[in-house]
Amino acid sequence: MNTSTLIAPPAIVRRAEQHDTRAIQAQDSAHFIHPFTDHGDLATRGARVMTRAENIYVWDSEGHRILDAMSGLWCVNAGYGRKELADAAYQQLMTLPYYNSFFQTTNVPAVQLASKLASLAPVVGGRRFEHVFFSSSGSESNDTNVRLVRRYWDLLGQPQRKVIISRHNAYHGSTMAGASLGGMSGMHAQGDLPIPDIVHIEQPYHFENAQPGESAADFGRRAAGWLEAKILEVGPERVAAFIAEPVQGAGGVIIPPETYWPEIQRIVDQYGILLISDEVICAFGRLGHWFAYEKFGYRPDLVTFAKGVTSGYVPLGGVMVGDRVAQVLIEQGGEFNHGYTYSGHPVACAVALANLELMEREDLPGKVKNDTGPYLAQRFAELNEHPLVGVAETCGLVAGLVLVKDKATGETFDPDLGVGMKCRAHCFKNGLIMRAVGDRMIIAPPLVITRAQIDELMGLIRQCLDATLVQLRAEGLHS
Ligand code: PMP
């Protein structure tokens, strides 16, 4: 795609004139409660109004073009403005806009998508994924996982196996079960979470949790060992499953050392517990594979997906159900008393099918694996020389860096200073969407990004880091 044709200032100015930003902001704060937002605070400043998008860029109501290095919320894998996804939705809306899949009925796009997903899921160590349960989001899918896991152990006559082990700083959604599975202390603090029988271990974050001089490989094995310690603490006969993101996303792009996943696999095998791979961010090409467990070589029993399956164009999520669980559920299960109005929604499934076909045709996972992923790795690593950067790392097309006060010692800033948010403000000002998680700055650009656009992205990141450094020095916060 020729991106230069996408940047058309006269058209943008005309569109911008059509929006009364102030009026939209006033209505927004009067009526729209945003997710994860301080509503009172937002009302004083006014939300940025996004009005259109194309390829890897979004435009706001003032006509600013912004490079969306977060793919919306890690979801617009195929990039914005893909007409065939809109066509697929339109065709399906005009044919069968809705029908449920309760009461022994089904619909063609849902059947086709389930078989397509089964064919895309790699077989690792002889384990297959022939079955899919559909939902509309990552959170719902993880709620489904809790139901599936408990049902599985009940059917096997081990109802005492209820405990699911997760990790601190993980993100698994915002419903009661999703937020409980997640390890976000701020979420747990509101509403008496986690719900019972969900416990957490520490994350494999080498920069923060390794001992002085401990190699990444040694740390990875030690971090996996925390799972075994927790299983023994809880009592192996009570543990139902371990859930984890292949690379922890919303927690700040925490990339585990290579030794981590093999040791996790050994431990779940030894104790016979189920392994849930939450691939809401990491699947569908994000790490250079259709599913991320293939990249790390582990063998999950359940895989959560959402986001990239439709490139975010319409809501869809689900769980890939591996043979181990499916056989018990189907052969011994009878009715599974669980489901959603929109499980297997025909329009969402039709868009997902068109999206997966597009990704296959353009070989987006292969492009990430062999071309843009390695190129981003090389360019992002250059940031390790920047005086503000503690460590900068990538995995496929996710990347994260940590802002530090003292590069030599790795000393971090006082979290109350909000240095990450200061950096994020410079990004916005300079036409770049980069996310701040504490003082970690993270990106996950659309998978259609080209090498030239990666150069543009890196130029912007450097410019924003430089501007942040100037500000911090002026404020006496950096030498
Ligand atoms: N799991 C993971 C790994 C996620 O990153 C997210 C969303 N960021 C979710 C679950 C929840 O998905 P949703 O917001 O669609 O409910």
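Helix 11 (residues 216-234) and helix 12 (residues 260-271) run roughly parallel to each other in this predicted model, because the angle at which the two pack is about 20°, and angles under 35 degrees count as roughly parallel. The axes of helix 11 and helix 12 lie 7 Å apart, and the crossing that these two helices make is right-handed.

A second pair of helices can be read in the same terms, since two packed helices are described by the angle between their axes and the distance between the axes. Helix 5, which spans residues 83-95, and helix 15, which spans residues 346-361, have axes that come within 8 Å and cross at roughly 150°. Angles over 145 degrees count as roughly antiparallel, and helix 5 and helix 15 are therefore roughly antiparallel to each other. Helix 5 passes helix 15 in a crossing that is right-handed.

From the helices we turn to the ligand. The residues around the ligand are Ser137, Gly138, Ser139, Asn142, Tyr171, His172, Gly173, Glu245, Asp278, Val280, Ile281 and Lys307. By character, this shell divides into three nonpolar, six polar and three charged residues. Helix 7 (residues 138-155) supplies the largest share of the shell, with three residues.

Several close pairs of atoms can be followed from the protein to the ligand. An N or O atom in the side chain of Ser139 is 2.5 Å from an oxygen atom of the ligand, while at Gly138 a backbone N or O atom lies 2.9 Å from a ligand oxygen atom. For Lys307, an N or O atom of the side chain is 3.1 Å from a nitrogen atom of the ligand. Taken alone, the ligand exposes 390 Å², and the protein buries 83% of that area.

Two details of the backbone, both in loops, remain to be pointed out. Most residues other than glycine have a negative phi, and most peptide bonds are trans. Against that background, Phe103 has a positive phi, near 50°, in a residue other than glycine; Phe103 lies in the loop that leads from helix 5 to helix 6 (108-120), so that the reader who has followed helix 5 in its packing against helix 15 can look for Phe103 in the loop between helix 5 and helix 6. The other detail is the peptide bond joining Leu193 and Pro194, which is cis, with omega at about 0°. Pro194 is found in the loop between helix 9 (185-188) and strand 6 (198-201).

Conventions:
Residues are numbered from 1 along each chain as its sequence is written. This is a predicted model: local features need pLDDT of at least 70, side-chain atom pairs count only at pLDDT 80 or more; totals for chains, interfaces and linings use all residues. Side-chain values use heavy atoms; hydrogens and water are left out. A residue is near a molecule or strand if one of its heavy atoms lies within 4 Å of it. A polar contact is a pair of N or O atoms within 3.5 Å; within protein, one must be able to donate a hydrogen and the other to accept it, and residues adjacent in sequence count only if both atoms are side-chain atoms. Accessible areas come from the Shrake-Rupley method with a 1.4 Å probe; for residues, only the protein chains shown count as cover. Helices (H or I, at least four residues) and strands (E, at least two) are DSSP runs, numbered from the N terminus. Ala, Val, Leu, Ile, Met, Phe, Trp, Tyr, Cys and Pro count as nonpolar, Asp, Glu, Lys and Arg as charged, and the others, Gly among them, as polar. Axes are lines fitted to C-alpha atoms, for helices over the stretch in contact, and angles run from 0 to 180 degrees between N-to-C directions. Angles under 35 degrees count as roughly parallel, over 145 as roughly antiparallel, 65 to 115 as roughly perpendicular and the rest as oblique. A crossing is left-handed if the near helix is turned anticlockwise from the far one by less than a right angle, and right-handed if clockwise.
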